[in-house]
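Hi everyone, thanks for making time this morning. I'd like to walk you through one model, so please have the sequence and the structure open while I talk.

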Amino acid sequence: MRVRLSAQVYRLLAIATLALFLGVACARVDLVLVAVPCLLALLVGMAVDTAATYAVTHQVSQTRLFEGDVFTVTVTIVAHSTIPLLEILEPLPPSVEVVAGHTHAAFSLTAGQTVQWCYSLRCVRRSRFTLGHLYVRLHGRAGCLMRELQHDIPQPCAVYPRIVPLRRAVRPPHTQVYIGSYVSPAQGEGIEFGNIRPFAPGDQIKRLNWRASLRLHDLHVNDYHQERNADVVLMLDTLTNVGSPTLNTLDLCVRVAASLAWAYVRRKDRVGLIAYGGAFRWLKPGVGRAHFQRLLDQLLEATVVFSYVTRDLALVPKRVLPPQALVIAISPLIDERFLHAVQDLRARAFTVLLLTVSPVEVTRAVVQPSPVNDLTCRLWALEREAQLNTLQQQGFMVLEWSPEMPLELVFATLTQRRHVRRRVAR
Amino acid sequence: MIWGGVLLLAAVLIGIPLGVVLTGTTVALGMVTGFLALLGVHARSAAVLTVAVACGLLQELAALMQAGQPPALWSAVLFGIVVYLLLDIGAFAARFHGVAVEARVWRMQVRYWGGTAVLFGLTALAVGLLAAASARPFTGPLLLHGLAVVAAVVVVGAAFGAIRAWHHEGEAW
């Protein structure tokens, strides 16, 4: 506890001294009397201010949240002695904003009284932060002495990127060996009808196709297509970031990656992640909700680490980039190094889908609207269009997404393209 | 709301010297005091309000010097209470500006300011009476003067004791 005099003491002292000085100097007792209440206030304030005792608890309604979620913080103060004036403040991280209530409040408590102080916060952007650092000031009734305390009741919170449910996503071209949701060309156990063939020893009786057997005068059985999963690797560009803290290309890319990860994990696919940037990070493909949580944790940490060094994808272990995996590269396509890495992957016979987040709209939202800025953004948009056309001519599947467009719409347009259908088909 | 009270007190602070004597100097100093008070309220600054109070003191001194009247006890006590309240309420308002202050805090502060204003006023009055009694030429019996001094000391002590008692009985506020 730190005890200190408030500024009010110095103000009262200054005015009382001035009044006394003027009164004595000019021989006016009136001004001497003017100083009396100020001096008495000082005397009383210093004499009667006593330390107060209390207990404080801090609770958060949720500690794992997504962007846009609202949660409630409840601070409970129990006074063990009378507290004339208690001022309490909880500083907030920049990634949350107050929706209801205040984070700075003042209370007056009697001995044994309990006060619950609640306020609601909205998560603005992905981040990790710790709540529960409370600053408390105990003021005496006269406001001359202040006792300052700090309470640390750490409540670590994680705000994960917002997930947009995707009903359709790009179907991987190759299936793997584990059970999944895709109908595989290989025949075996499944529910999708595949073929009729003559009965062979070992075939199950329930697979007999009686109608075909009677017509062909020989036993025939149905074959089914296997249902298998696929490998999907999300490659996130963490080389550059454009925009403001609240709206930037990296956050948009991370949101897209999280939505795609959820869409594929729900289909029992193995999903991996490569954060390609100054700091090279990866997560090998896996299935299930626990793995999705690991993916979210990795995406939460995604940040731009500036570096001149161009990382080689050969550094990535083979188990992180399994053969025949669908690689979805998510990037604003600002740094050429990412494009080279994607071309490298394509050269290694990976199926690469390039999903680019437009940085033009993000930049337009940040810069001051002016004819010059408008013209620059339009020129930039034209340059990007030309760049994407070139990439499409090189054989890349390219999708462009801007923040105001629903993400699902981007994938809906893909299914309408014939050449893409041909590549994605089994 | 509270800033309205601060402005009202500033108006009283300016009005008391103008009530003593209305001259160009007091009016000019009153305008400066008013401007500083408005600036303090606008800037939510207790420091600027303190400067306004200091200017008000100069205005009061100018009024007293120009009027040349004998000391007015009640006027001086009222002026002192206004100065104290203006400083205290201004500091409270500036400190808790933008803070969610519970209604109970407001009630208690208003009672505190009311109570201390009365007590400090009575104490200042007693001190004034004591000063007046001491300043008189020694003509009456010694016992009367002694009683006056004892009464003043008792009043000051009683005021101080009452404040302490109030403080310890926090629930009674």
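**A salt bridge to start**

Let's begin with two side chains in chain A: Glu87(A) and Arg137(A) form a salt bridge, with 3.8 Å from N to O. Glu87(A) belongs to strand 5 of chain A and Arg137(A) to strand 9, residues 127-139, so this pair ties together parts that lie 50 residues apart in sequence. Counting over all chains, the structure holds 19 salt bridges. Please keep in mind that this is a predicted model.

**Where the two chains meet**

Now to the interface. How many salt bridges are there between chain A and chain B? The count is 0. Polar contacts are another matter: 10 residue pairs across the interface of chain A and chain B are in polar contact, with both residues at pLDDT 80 or more.

Which elements of chain A supply the side that touches chain B? Helix 1 (7-25), helix 2 (29-48), strand 5 (83-89) and strand 7 (104-109) of chain A each give at least two residues to that side. Helix 2 of chain A provides the largest share, 14 residues. If you sort the side of chain A that touches chain B by class, you get 29 nonpolar, 11 polar and 6 charged residues.

For the extent of the contact, chain A brings 46 residues and chain B brings 50 residues. Together, chain A and chain B bury about 4,200 Å², and 72% of that is on carbon and sulfur atoms. Three residues are worth clicking on here: Arg28(A), Leu33(A) and Arg141(A) supply 17% of the area that chain A buries against chain B, more than any other three residues.

There is also strand pairing between the chains. Strand 7 of chain A and strand 1 of chain B, residues 100-101, run parallel and are joined by 2 bridges. Look for Ala105(A): its bridge partner in strand 1 of chain B is Ala100(B).

**Two open sheets in chain A**

Let's move on to the sheets. One open sheet has 4 strands in the order 2-4-8-6 in chain A, with antiparallel pairing. Which strands are at its edges? They are strand 2 (54-60) and strand 6 (96-100) of chain A, each pairing on one side only. On average, neighbouring strands of this sheet are turned by 30° against each other, direction ignored.

Inside that sheet, strand 2 of chain A pairs with strand 4 of chain A, residues 70-79, in the antiparallel sense over 7 bridges. To find the register on your screen, go to Val56(A), which stands opposite Ile77(A) in strand 4 of chain A. As a reminder when you look at side chains, in a regular strand they alternate between the two faces of the sheet.

A second open sheet has 3 strands, in the order 11-13-12 in chain A, again with antiparallel pairing. Strand 11 (179-188) and strand 12 (192-198) of chain A are at the edges with a single partner strand each, so one side of each has no neighbour in the sheet. Here neighbouring strands are turned by 40° against each other on average, direction ignored.

Strand 12 of chain A pairs with strand 13 of chain A, residues 220-228, over 6 bridges in the antiparallel sense. Phe193(A) is a handy marker, as Phe193(A) stands opposite Tyr224(A) in strand 13 of chain A.

**A hairpin to finish**

Last stop: strand 15 (residues 270-277) and strand 16 (residues 281-286) of chain A. They run antiparallel, joined by 4 bridges. How many residues does the hairpin use to join strand 15 of chain A to strand 16 of chain A? The hairpin goes through 3 residues. In this pair, Ala275(A) stands opposite Arg281(A) in strand 16 of chain A.

Note on methods. Residues numbered from 1 in each chain as written. Chains lettered and ligands numbered in written order. Predicted model: local features only at pLDDT ≥ 70, side-chain atom pairs only at ≥ 80, totals over all residues. Heavy atoms only, no water. Contact = heavy atoms within 4.5 Å. Buried area = accessible area lost by both parts, 1.4 Å probe. Salt bridge = Lys/Arg side-chain N within 4 Å of Asp/Glu carboxyl O. Polar contact = N/O pair within 3.5 Å; in protein donor to acceptor, adjacent residues only side chain to side chain. Nonpolar A, V, L, I, M, F, W, Y, C, P; charged D, E, K, R; others polar. Pairing = 2+ DSSP bridges. Axes fitted to C-alpha atoms, helices over the stretch in contact; angles between N-to-C directions.
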